[in-house]
Amino acid sequence: ACGDGPQKSSPSSPAVDPADPAPLSQPVNPAVPATPLQVVNPVDPDIETFPDEGQNIVPLGTAIVYKTDPPTSGTHYVEVMAVGGFYSYVVSPPYLVHAMQHGGVIIYYSPAVTAEQLDHLKSLADQHPGRGGVVAAPRGDPTYPIILTAWTHRLRLTQYDAARIDAFIALYWDKGPQHHEE
């Protein structure tokens, strides 16, 4: 179970399969804007750091409002998360927040991303599978073709930059509050 304190996750907990969009189509309320903390990241000055919104858990299907868009921490569904992998459909935020809690990095990609760039994202997801892995999922953002999130961190890119994507993953993968407890 997930909660406010460090707890071991159940190995039999359900995980979301990238090939099955059915459990991930729950609607979620739009985000309420949050202001980034004044933290300058020496690796990439465009990485934003936000206050931790907690680790509350709620029943599946509960409407959740996040302070960042996309979310960088907060309330999520009990015992269900998106596992590392490449998704061709939109994944509801509570599943992604739960993955970040366990050290996952989320890569949102837009239709502007090329086939070659998608191959790079698929490779990253393949290199970091399972609970707390790298999740690549579509998002129709007209301004940012790539947005990366990890627990309390966000990097929005106006153009595809493989080196910055790789650096974000190296910096934040497996750093969530309940990272690799399986």
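A residue is called buried when its relative accessible area is under 20%, exposed when it is over 50%, and partly exposed in between. That scale is worth keeping in mind while looking through this structure, which is a predicted model. R164 offers a handy example: its relative accessibility is 25%, so R164 counts as partly exposed. Of the 182 residues in the protein, 49% are buried.

The overall layout comes first. The protein contains three helices and eight strands, and reading along the sequence gives the pattern β-β-β-β-α-β-α-β-β-β-α. Among contacts with a separation of 6 or more, 68% are made by residues 24 or more positions apart. The surface that the protein exposes amounts to about 8,200 Å², with carbon and sulfur atoms supplying 57% of it.

Helix α1 makes a good starting point for the interior. This helix spans residues 93-101 and is mostly covered, with eight of its nine residues buried. The buried stretch consists of P94, Y95, L96, V97, H98, A99, M100 and Q101. Their cover includes strands β3 (76-77), β5 (105-109), β6 (134-138) and β7 (146-150). Just after α1, the backbone at G103 adopts a positive phi of about 95°.

The same helix features in the packing of nonpolar side chains. In soluble globular proteins, such side chains tend to be buried together. Here the largest nonpolar core has 21 residues, and those with the most contacts inside it are A82, Y87, V91, Y95, L96, I106 and V135. At least two residues of this core come from each of α1, β5 and β6, and α1 gives the most, with five residues. There is also a second, separate core of 20 residues, which includes V113, L118, L155 and L157.

One of the residues of α1, V97, also meets a loop residue, T75. T75 sits in the loop between β2 (57-58) and β3. With 18% relative accessibility, T75 counts as buried. Leaving aside residues up to four places away in sequence, T75 touches G54, N56, V58, I64, Y66 and V97.

Helix α3 (residues 162-172) presents another arrangement. Its buried residues are I165, F168, I169 and Y172. Viewed down the helix axis, these residues fall within an arc of 95°, so they line one face of α3. The general geometry helps here: an α-helix has 3.6 residues a turn, so residues three or four places apart point the same way. The face of α3 turned away from the buried side carries the exposed residues A163 and A170. Cover for the buried residues of α3 includes β5, α2 (115-127), β6, β7 and β8 (153-157).

The two ends of α3 are also worth a look. At the N-terminal end, D161 acts as a cap, with a side-chain oxygen 3.2 Å from the backbone nitrogen of A163. Just after the helix, D174 takes a positive phi of about 65°.

Charged side chains add further links, as the structure holds six salt bridges. In one of them, R164 pairs with D44, and the closest N and O atoms are 2.7 Å apart. R164 belongs to helix α3 while D44 lies in the segment before β1 (48-49), so the pair ties together parts that are 120 residues apart in sequence. On the D44 side, a relative accessibility of 7% means that D44 counts as buried. A network of salt bridges links D44, D46 and R164.

E48 takes part in salt bridges with R154 and with R156. The E48 and R154 side chains meet at 2.8 Å, N to O. This pair links distant parts of the chain, with E48 in strand β1 and R154 in strand β8, 106 residues apart. Both E48 and R154 are buried, and the relative accessible area of E48 is 16%. For the R156 and E48 side chains, the N to O distance is 3.5 Å. This pair also joins strand β8, which holds R156, to strand β1, which holds E48, across 108 residues of sequence. R156 has a relative accessible area of 28%, so R156 is partly exposed.

Note on methods. Residues are numbered from 1 along each chain as its sequence is written. This is a predicted model: local features need pLDDT of at least 70, side-chain atom pairs count only at pLDDT 80 or more; totals for chains, interfaces and linings use all residues. Side-chain values use heavy atoms; hydrogens and water are left out. Buried means under 20% relative accessible area, exposed over 50%, partly exposed in between (1.4 Å probe, protein chains only). Helices (H or I, at least four residues) and strands (E, at least two) are DSSP runs, numbered from the N terminus. Contact means heavy atoms within 4.5 Å. Accessible areas come from the Shrake-Rupley method with a 1.4 Å probe; for residues, only the protein chains shown count as cover. The arc is that of the directions from the helix axis to the C-beta atoms. A polar contact is a pair of N or O atoms within 3.5 Å; within protein, one must be able to donate a hydrogen and the other to accept it, and residues adjacent in sequence count only if both atoms are side-chain atoms. A nonpolar core is a set of buried Ala, Val, Leu, Ile, Met, Phe, Trp, Tyr and Cys residues joined through side-chain atoms within 4.5 Å. A salt bridge is a side-chain nitrogen of Lys or Arg within 4 Å of a carboxyl oxygen of Asp or Glu.
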